[in-house]
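Here is a friendly walk through one protein model and its ligands. Please have your viewer ready before reading on.

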Amino acid sequence: MPQPRYRILPSRILSGRHQRGVAPLSRCHNGADTPTLRSSNRVLAAVRSRPVFSARGSRSDAELMQFCNLSEGQRFVLLKSRISHSLSPIHRKRYGKNNVILSDIRKPPDSVFYSGPFIYSDILDYKNLREIVVNNRITWLIHYSALLSAVGEANVPLARAVNITGLHNILDIAAEHGLRLFVPSTIGAFGPTSPRNPTPDLCVQRPRTIYGVSKVHAELMGEYYHYRYGLDFRCLRYPGIISADSQPGGGTTDYAVQIFHDAIKTGRFTCNLKPDTRLPMMYIDDCLKATLEVMEAPASSLTMRTYNINAMSFTPEELAEEVQKHMPELEVNYDVDAVRQAIADSWPMNFDDSNARKDWGWKHDFDMAELVTTMLNYLNSGRLAFQAN
Ligand SMILES: NC(=O)C1=CN([C@@H]2O[C@H](COP(=O)(O)OP(=O)(O)OC[C@H]3O[C@@H](n4cnc5c(N)ncnc54)[C@H](O)[C@@H]3O)[C@@H](O)[C@H]2O)C=CC1
Ligand SMILES: CC(=O)[C@H](N)C(=O)O
C-alpha cells in the first residue's frame, strides 16, 4: 500500500454537508497526480453510503428536490466550448452567477470572460482540476472539452490525449469528490456498421474516427463508473448543433453553421459535403434545454445513462433551399472534402431518441424552418447593429 503523499482536505459533496476523506495518491502515466483505484474505492465507499449519492433509483423525490435546489452552496464547473458559451448564461440565471464557473485552456472572448467566474484549466492537468473542484466546492461538472471529428483526424495524438486522458481525469475527480457529471456524446459515436436510418440507442458502435472512438469510450467508462462506484454520470448523444453566437469549428456538421455566416456576409456558400448527405441536427436552444432537463431529471426516471436526442435531419441541399426561401440570391456550390465526407457517410442519417422522449419527456421545439428563420434573424440583427455603429 503506497504511503499517502497528499491529503484531500474537507470537501463539500452533493448534500451540502461536509465529508472528510484521505486518499493516498500515485503518479499516473501522464505525470499528473491521480488517486489509486484502491484509494478511490475507500473514498467512494464512504460517499456511496450517503443517501444522496446512492445508485440509480434509490434517491427519494425529497432528496432530489433538495439536490436540484442549489441554495446550499452547490457550484458548477462548465468546461468551456462553443456550446458552453450559450449554456453558461442559462445556468447562471438559474443557479446564480457565482455558482457557475467557466473553465478552459484558452481565454474566451471578453463577452464570456467578463460575464462571471472564469478559471484557467488544462484538462490534462489532474492536480489543477482537483484544486479547482476542491477550492470552489464544486458539486456538478459539465465536461465539454474535446477535439471534434475533423480536427481530431488532423491531430490524432492530441485528440486521444484531450478526449481520452482528459476524460479519465474528469471521471476520477468526479468519482472521488461525489460530483454529478455530464459528458456529451455524439452521433459520431456510431459507425458504418451501425443501423443508420434510424439509429437506436443500443446497437453496434464501431466508429472510424478517433473522435467517435473517444466518445464510445466516454460513454462506456461513465456507465462503468456509475455501476461500479455510484458516480452520477449522465450523457446525451448530440446531433450536429447549430448556433449563431459562435463561429463554426472543427466538426463535420459545421457546414450547417457556416452556411448562415457566409450567406449573410458574402451571399455565397461552398459546402464541403455532397448535396444529399443526410445528418441529424439540432438548434442550440433545444440542445441546452435537453442538457438541463437530463441533468435535473430524477435518477429514478432514467432507465439508461446515455441517451440519443434529436430534432431534425436534413441534407445540405434541403438546408440551402430553406435558406434560399429567405435569401433567393444565395449562391451554393459544392467542393467536397474527402475526409469529412467519409466521416459523414459513416454517421447516422436519422436518430431514434424515443427513449429520451419516454423516460424524461424530451421534446424539441425547433424544426428546420424555425431554425433557419431564427439563425437568419439573429445574424442579421448582429450585422445591422454593427452597421449602425
Ligand atoms: N458542436 C456540435 O455539433 C457537437 C458537439 N458535441 C460535443 O459537445 C462538446 C462541445 O462541442 P463544441 O462546443 O462544438 O466544441 P468546441 O470545439 O467549441 O470546444 C471545445 C473546447 O475544448 C477546449 N479544449 C481543448 N483542449 C483542452 C485542454 N487540454 N484543456 C481544456 N480545454 C481544452 C477548447 O479550448 C474548446 O474551448 C464536445 O465534447 C463535443 O464532442 C457533440 C455533438 C455535436
Ligand atoms: C456531430 C459532432 O459531434 C460534431 N459537430 C462534429 O461534426 O464533429
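The report below goes from the whole chain to the ligand shells, then to a strand, two helices and some backbone details.

This is a predicted model, in which local features need pLDDT of at least 70 and side-chain atom pairs count only at pLDDT 80 or more, while totals for chains, interfaces and linings use all residues. Residues are numbered from 1 along each chain as its sequence is written, and chains are lettered from A and ligands numbered from 1 in the order in which they are written.

**The chain as a whole**

The chain holds 14 helices and 16 strands (DSSP runs numbered from the N terminus: H or I of at least four residues for helices, E of at least two for strands). Of its 389 residues, 45% count as buried, where buried takes 20 or more other C-beta atoms within 10 Å of a residue's own, exposed takes 12 or fewer, partly exposed is in between, and C-beta atoms are placed from the backbone. Among contacts between residues at least 6 apart in sequence, 75% join residues at least 24 apart; a contact is two C-beta atoms, placed from the backbone, within 7 Å.

The unreviewed UniProt entry places the feature "domain: NAD-dependent epimerase/dehydratase" at residues 86-309, and such annotations may be inferred rather than shown by experiment. In the model this span is 42% helix and 18% strand, and its end C-alpha atoms lie 18 Å apart.

**Around the ligands**

Which residues come closest to ligand 1? They are Ser81, Arg82, Ile123, Ala146 and Tyr238, out of 23 that surround the ligand (C-beta, placed from the backbone, within 6 Å). Helix 3 (82-95), strand 9 (180-186) and strand 11 (240-242) are the elements that give two or more residues to this shell. Ligand 2 has around it Leu148, Ser149, Thr186, Ile187, Gly188, Tyr211, Gly240, Gly251, Thr252 and Thr253.

The table sorts both shells by class: Ala, Val, Leu, Ile, Met, Phe, Trp, Tyr, Cys and Pro count as nonpolar, Asp, Glu, Lys and Arg as charged, and the others, Gly among them, as polar.

| Shell | Nonpolar | Polar | Charged |
|---|---|---|---|
| Ligand 1 | eleven residues | seven residues | five residues |
| Ligand 2 | three residues | seven residues | no residues |

**Strand 13 and its partners**

Five of the five residues of strand 13 (279-283) are buried. Leu279, Met281 and Tyr283 point one way, and Pro280 and Met282 the other. Strand 13 runs parallel to strand 11, joined by three bridges (pairing takes at least two DSSP bridges), and Gly240 has Met281 as its bridge partner. On strand 15 (312-314) the pairing is antiparallel, also over three bridges, with Phe314 as the partner of Leu279.

**Two helices**

In helix 11 (316-326), the buried residues include Pro316, Leu319, Ala320 and Val323. The buried residues of helix 11 line one face, because they fall within an arc of 100 degrees seen down the axis (the arc of directions from the helix axis to the C-beta atoms). Helix 12 (338-345) buries Arg340, Ile343 and Ala344. These cover an arc of only 95 degrees, so they sit on the same side of helix 12, and they pack against helix 6 (149-154) and strand 13.

**Backbone details**

The peptide bond from Asn197 to Pro198 is cis, with omega near 5 degrees, and Pro198 lies in the loop between strand 9 and helix 8 (210-229). Arg137, in the loop between helix 5 (126-135) and strand 8 (140-143), has a positive phi near 50 degrees. Why does Arg137 count as partly exposed? Because Arg137 has 17 C-beta neighbours inside 10 Å.
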